[in-house]
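Me: I have a structure open and would like to understand the labels that go with it. Could you walk me through the reasoning behind them?

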Amino acid sequence: MEALQYKLSQTIAAHNGIVRSISTQGNVLITCSSDKTAKLYEMKDNSYQQVTLISFFEKYIYATCARVNGGYAVGHDNQIYLLDNEGNPLGILEGHDQQVCSLKSITENLLISGSWDATAIVWDLSQMKQLFRLSGHKHGVAVYGDENLNFITGSQDGILHSWSKETKIKSVQAHKDIIREILPSPLGGFLTCSNDESIKLWSKDLELIQTFLGHKSFVFTMKVLLDQVISGGDDRMVIIWNLDGTPKQTIQLPDTVWTVALNNYNDILVGTSDGKVRVFTTDPTRFATQAEIEGLEQEASLSNAKQEGGMSEEEIQKLPGIDKLAIMVGKKEGEIRLFRNGNKPEAYMWSAATKNWQLIGDVIGGKGASSRKFFQGDKYFEAGEYDHVFDVEDDNGITRLLPYNEGESFYDTAEKFCLRDGYSKHYLQQIVNFLKKNTSFGQSQRQKKSELETMKEQYAQQQLLQQQQAKKQIDFQYIPYTQCTYYENMNLQGLSKKLFEFNTQVPEEVRLTEKECLIFNKGIECLGQVSVQKAVNIENSVSIIFIQKLLKWDAQYLLPVYDFFRIFSLHHSSEQLFAGLEKGMNLFLNIFTIVNTQPINIVLVRLALQTLCNCLKHNTNSCAILYHLRIVKDIILSLLDTDEKTVQLLGNLILNLSIGIYQRNGLNDLASEMLSESVVTFLQYQQRDVETVAKLVTALGNLMRSPAKQIREQCKKISQGFVQSLVIDTNNQDTLKCLEEVKLSMQI
C-alpha cells in the first residue's frame, strides 16, 4: 500500500519578518519572528486562526518552546520570557549574555536554554533561578535534556557533549559545522542536524548509528514523528525520512525553512523566511484547493531557480509550456511565473496594462539553460538575470540574497544591500571585499587597480553629493524629542497604611482577605526595591487582586489604589495587566469613568493621568495604550476645560504618546490621526500656557519625524493648516525654533 503523501492544507501569512521558531500545544500554535512579535493561533474548523498578538518584545525572537503542563518559553535577545497559555508574561529569566537560540522544556519546573554566549543553562522555574550552567562550547549552543538531569549540547565547533547534571561525561566530533538541533530518537538515542548538510542518528552513548544525506545546504530544524524524521533548511526543502536514512517525501518551499513543528493531527507545520507558516497534512478532507497547491509548487519552482543547482529536468517538465501563455491569466501586476520553452525554463512577468506575459529572462537549470541566474526582484534590485546571486549569511545565521552583475560598482551594490536589509554602513567594506573575492574582478593587477580607483572616485563623488544634499535639508535639533516624562515619586508606607485602612471600610465582597492583604503588602514592598527593580518579579496574584477587588472600590476609596497603580506601572511586572487579548481595556475604561464622574475628584484624576504617562515605560503597556488610543483620546477631550496643573499633566501625556507612536511606527493604524486631532482640539479650545503649547507642538513634530509615511501623512492632513498659522507669544528661543522646525517638517 502506498504511503500517504503530505499536501498543503493552509498558508498562514503570520509575520512581516522571518518566522524563526514555532511550537504547538494542543490545538494552539505559537509563532515567533524577527519582526519582534509572537502570535498565538488556535485550530478552529480545520484551520488555524489568530487569537493573540504578543507585541511587547523589543528585539528579534529566535527561539520558543511549549512548556510541559502549559504555557510557553520565548527566547527574546538574551532573556527568556515565560508566558501563560494566553500569551501573558509570567516572568523573565536573565542569565545569558547573548541571544537565546535553543529552548527545551524538560518538566513543569525544568527548562534548558542555549545561547550564542557559548553556554547552556538549566533553570529551576519554581524558584526562577539557574540550576546548572554548562560551558565549554563555541558560539551558538543547541540543547536537549531529560528529567534525570542528563543533558546533550552541541555548538559551532560541531562537538556533541553529554552531561550528568553539570559534569561533562563525553564529547564527540559529531559534525563539521554548527549543530542546530538535538532531539531524542525513537530508538532511545539522539538525533542531530547541522550546517554541514547532514542529520545523524546516535546511540545513548553517542556512538554514530546512521547519517542522513539529502539536503543541499544548512539543516536548521527537525522534528520526530513516530518512526520518521522531518527536517528543513536553507535549501528550502522539507524532507520526511525513514530512520534508516532514506527519504520518503520531499516538499519544496519558496524560502529558507527555519523551523518545523507537529500538531495533534500529525500535520507538519513549516515556518520560513517569507514570514509564512504552511501546514501540510495527509488528511484529504483538509487539503487546500488544487489552485493553492499548484500555486505553492509554482512559487517554489521560481525560488528553486535561484539556487546554484537550478531546476531539475523533472521540475522543468512540470512547468506549463509557452503555448499556455495566451490562455493563462495573471493574478496581479508584476506577478512572475515560470514557463517551459522546450527543455528550457523561462521567467515571465504579467503586465496588467497589456494583459499578457512578458519575457524577463532565462532561468538556470536544465538543458539549454543560460548560465546566468534569475533574481525575483525587490525594492532595490530589479527582477531579471544576474551573473551571480549570492547567499550571504549574517551574524545571526540569517541568509540574504545578493544579486550582482560583472562590471557593476561593488560599492553601489553593497550600499543597496545594506539599505535593503537594514545593515549599518560599517558593513560596506566587508560586502565589497566579499564581492571582490567571489567575482572576476579584472584580469590583471593593473585592471584591478584602475577599477578600484574608479570605484573609489565614484563613491567619493557620491558621498560628496549626499553631503551637499544633506546640507540643503533641515538640520533638525528639536524634533524628534524622545524623553518621556514619568511620575516616580513614592511614599509606600503611607500608601500601604491608607489602603489597608480603607480595606476595613469597603463592602465585604470587595474587601481583601487576610491572605490577600499579605500578598498585596509584599507586592508593595517589592515596588520599593528600586535598585533591583528589573530583577524582582511581583507575583501575578497581586495583579489579580488589583483587578478583581481594588478597582471595584467606590471612588472615595480609590486614591491609594491609583497611587499603587501609578507606581506599579513603572515596574516590569505590570505588563501582566496589559497582556492578552483585551490589552488592559477595562483599565482604560476605568480611568475614563473616573474623569467623567461628577463632581470630579481632581486629585484622583491627576493620579490617573500620571498612571497613563507611566504606561509608556514598558513595551507591553505602551503597546496597550496605543492600541486603546481611542479611549485615551476621549479621556483627553473630556478634560478640555480643567485647571492649569491638570492641563500640564495632559501635555506630558500627549507628548509621551507621540514618543510611543514615533518609536513603534504605528501599532494602531489611526494613532497619528487620533493624537493629531487631540492636539489641535486641545489648543483651539482655549488659550494654554506656553510650556503646554510647546509640548503639544513637539508632539506633532514627533509624528512628522516618524519613519512611517502613514503616520506623517495623517498628522499633516489634520494639523498642517493649524500649525502654519500658529503663533506662540514667547521670547523663549528654543520654543520658537521648535515651532519653526515643525512647520518646516510639514512643508517637505
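Me: How many residues does the protein chain have, and what share of them is buried?
Reply: This is a predicted model, and its protein chain has 748 residues, of which 55% are buried. Buried here means a relative accessible area under 20%. The chain holds 19 helices and 35 strands. Of the contacts with a separation of 6 or more, 52% are between residues 24 or more positions apart.

Me: Why is the pair of F57 and Y81 called edge-to-face?
Reply: Two values decide that. The ring centres of F57 and Y81 are 5.2 Å apart, and a pair needs centres within 6.5 Å. The planes stand at 75°, and an angle over 60 degrees counts as edge-to-face, so the label follows. This is one of 14 aromatic pairs found in the whole structure.

Me: What makes F57 and Y81 a link between distant parts of the chain?
Reply: Their places in the sequence: F57 is in the loop between β5 (47–54) and β6 (61–66), Y81 is in strand β8 (residues 79–83), and 24 residues separate them. Both F57 and Y81 are buried.

Me: How do you know that F212 and W241 form an aromatic pair, and of which kind?
Reply: The same test works here. Their centres lie 5.5 Å apart with 80° between the planes; the limits are within 6.5 Å for a pair and over 60 degrees for edge-to-face, so F212 and W241 form an edge-to-face pair. F212 belongs to strand β21 (residues 208–213) and W241 to strand β24 (residues 237–242), so this pair ties together parts 29 residues apart in sequence. F212 and W241 are both buried.

Me: What makes K583 count as lying over the face of Y627?
Reply: K583 is 4.8 Å from the ring centre of Y627, and the rule asks for a distance within 6 Å and a direction within 35 degrees of the ring normal. The charged end of R688 is likewise placed over a ring, that of F682, at 4.0 Å from its centre.

Me: Which cavities are there, and what lines them?
Reply: There are 2 cavities of 30 Å³ or more. The largest has a volume of about 80 Å³. Its lining has 13 residues, and the closest to its centre are L53, S55, F56, A579 and T620. Both β5 and α13 (619–627) give two or more residues to that lining, which divides into 7 nonpolar, 5 polar and 1 charged. The second largest cavity holds about 70 Å³ of space. Its lining takes its largest share, 4 residues, from β9, and includes H572 and E575.

Me: Why is N266 called partly exposed?
Reply: Its relative accessible area is 32%. Buried would need under 20% and exposed over 50%, so N266 falls in between. N266 also has a positive phi of about 60° although it is not a glycine, and its place is the loop between β26 (257–262) and β27 (268–272).

Me: What makes the peptide bond from I479 to P480 stand out?
Reply: That bond is cis, with omega near 0°. Most peptide bonds are trans. P480 lies in the loop between α5 (445–472) and α6 (492–503). The bond from Q598 to P599 is cis too, with omega near -5°, and P599 is in the loop between α11 (585–595) and α12 (602–614).

Conventions:
Residues numbered from 1 in each chain as written. Predicted model: local features only at pLDDT ≥ 70, side-chain atom pairs only at ≥ 80, totals over all residues. Heavy atoms only, no water. Phe/Tyr/Trp six-rings, centres within 6.5 Å; stacked < 30°, edge-to-face > 60°. Buried < 20%, exposed > 50% of the residue type's maximum accessible area, 1.4 Å probe, protein only. 1 Å grid on protein atoms, 1.4 Å probe; cavity = no way out; pocket = protein on both sides within 12 Å on 5 of 7 lines; lining within 4 Å. Points joined across faces, edges and corners; volume = space filled by probe spheres on them. Nonpolar A, V, L, I, M, F, W, Y, C, P; charged D, E, K, R; others polar. Contact = heavy atoms within 4.5 Å.
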